[in-house]
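Here are a few notes to read alongside the model. Keep the viewer open and find each spot as you go.

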Amino acid sequence: VVPRVKFSLSTSIVSKYVSPHGHLLSDEPALQSEFKTTFPSGVFAGMVWSTGLNGGGLSSDKADEIDLSFGWAGKVGDFALSAGVSYFNFVELDSLDKDLAIAWAELGRSFKVSESHTLTPFLRMEERWRLPDFDWARAMPVVGLKHSWDVVPGFSLTQRLGLMYDSGVPVTDNGLLLQYRVGMSCKLSDTCTLEPFVRVSAPLTIDDDRKAQVIVGLSFSIR
């Protein structure tokens, strides 16, 4: 069988937009879509587009964003390894001011603990720089555990629990964040999947100005 280039498209509606490091960017619903191309070598390129559903149009609030990513994902022995770089274009989509450049890598190993349950401990490292001057670096390491449960054919439950340290430099408090996501994936066809999910972000440091956030969403994907 000749390896093929794979394409995927997903669209999610979320109750509010909370950044990966726990900041509430918009307390109104947002639409977030991703298009990704993966080559047989494991190299991938993707684009994420986010927009607030407030009727304000592009570049109207902090829910408006375009992200471009390029990287590689594959196996190294028994381990799954992925690494890449991303560019986050915020709010003013025609300007580099206060945008972010990101480099990241994630390493994990899956363990089949039963016929239907898989556990994957993982370690992720992320470094962020503010554009256009690269004038600060912000480290965000995460250690965590992923869980997959094949409930019945066509239905699976996935969970991801992570403990993140945010160095905070220089725009927010440093501290620990607890991150959790649970979703129930329903396979509608060989290529289409529907997934309702809940995401939780909670600061564990007493003097952190971030608040605990609960995000509810619904995702539809084609791959």
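1. Start with S1 and S16: these strands run antiparallel, and six bridges join them. One pair to click on is Val14 with its bridge partner in S16, Gly217. Bear in mind that this is a predicted model.

2. S16 also pairs with strand S15 (residues 192–203), again in the antiparallel sense, over ten bridges. To find that pairing, look for Arg199, whose bridge partner in S16 is Ile215.

3. Now turn S16 around and compare its faces. The covered face has Gln213, Ile215, Gly217, Ser219 and Ser221. On the uncovered face you'll see Val214, Val216, Leu218, Phe220 and Ile222.

4. Is Phe220, in strand S16, buried or exposed? Neither label fits: its relative accessibility is 33%, so Phe220 counts as partly exposed.

5. Phe220 also helps make a nonpolar surface patch of about 700 Å², together with Val5, Phe7, Leu9, Phe35, Phe39, Leu188 and Ile222. The elements giving two or more residues to this patch are strand S1 (6–14) and strand S16 (213–222).

6. Last stop: Ser167, in the loop between strand S13 (155–166) and strand S14 (175–187). Its relative accessible area is 19%, and because buried means under 20%, Ser167 is buried. What does Ser167 touch, leaving out residues up to four places away in sequence? Arg138, Ala139 and Asn174. Zoom in on Ala139: its backbone nitrogen lies 3.0 Å from a polar atom of the Ser167 side chain.

Technical notes:
Residues numbered from 1 in each chain as written. Predicted model: local features only at pLDDT ≥ 70, side-chain atom pairs only at ≥ 80, totals over all residues. Heavy atoms only, no water. Patch = residues over 30% accessible without salt bridge, like charges linked within 9 Å, V, L, I, M, F, W, Y side chains within 5 Å. Areas by Shrake-Rupley, 256 points an atom, 1.4 Å probe, with all protein chains shown as cover. Salt bridge = Lys/Arg side-chain N within 4 Å of Asp/Glu carboxyl O. Helix = DSSP H or I, 4+ residues; strand = E, 2+ residues; numbered from the N terminus. Buried < 20%, exposed > 50% of the residue type's maximum accessible area, 1.4 Å probe, protein only. Polar contact = N/O pair within 3.5 Å; in protein donor to acceptor, adjacent residues only side chain to side chain. Contact = heavy atoms within 4.5 Å. Pairing = 2+ DSSP bridges.
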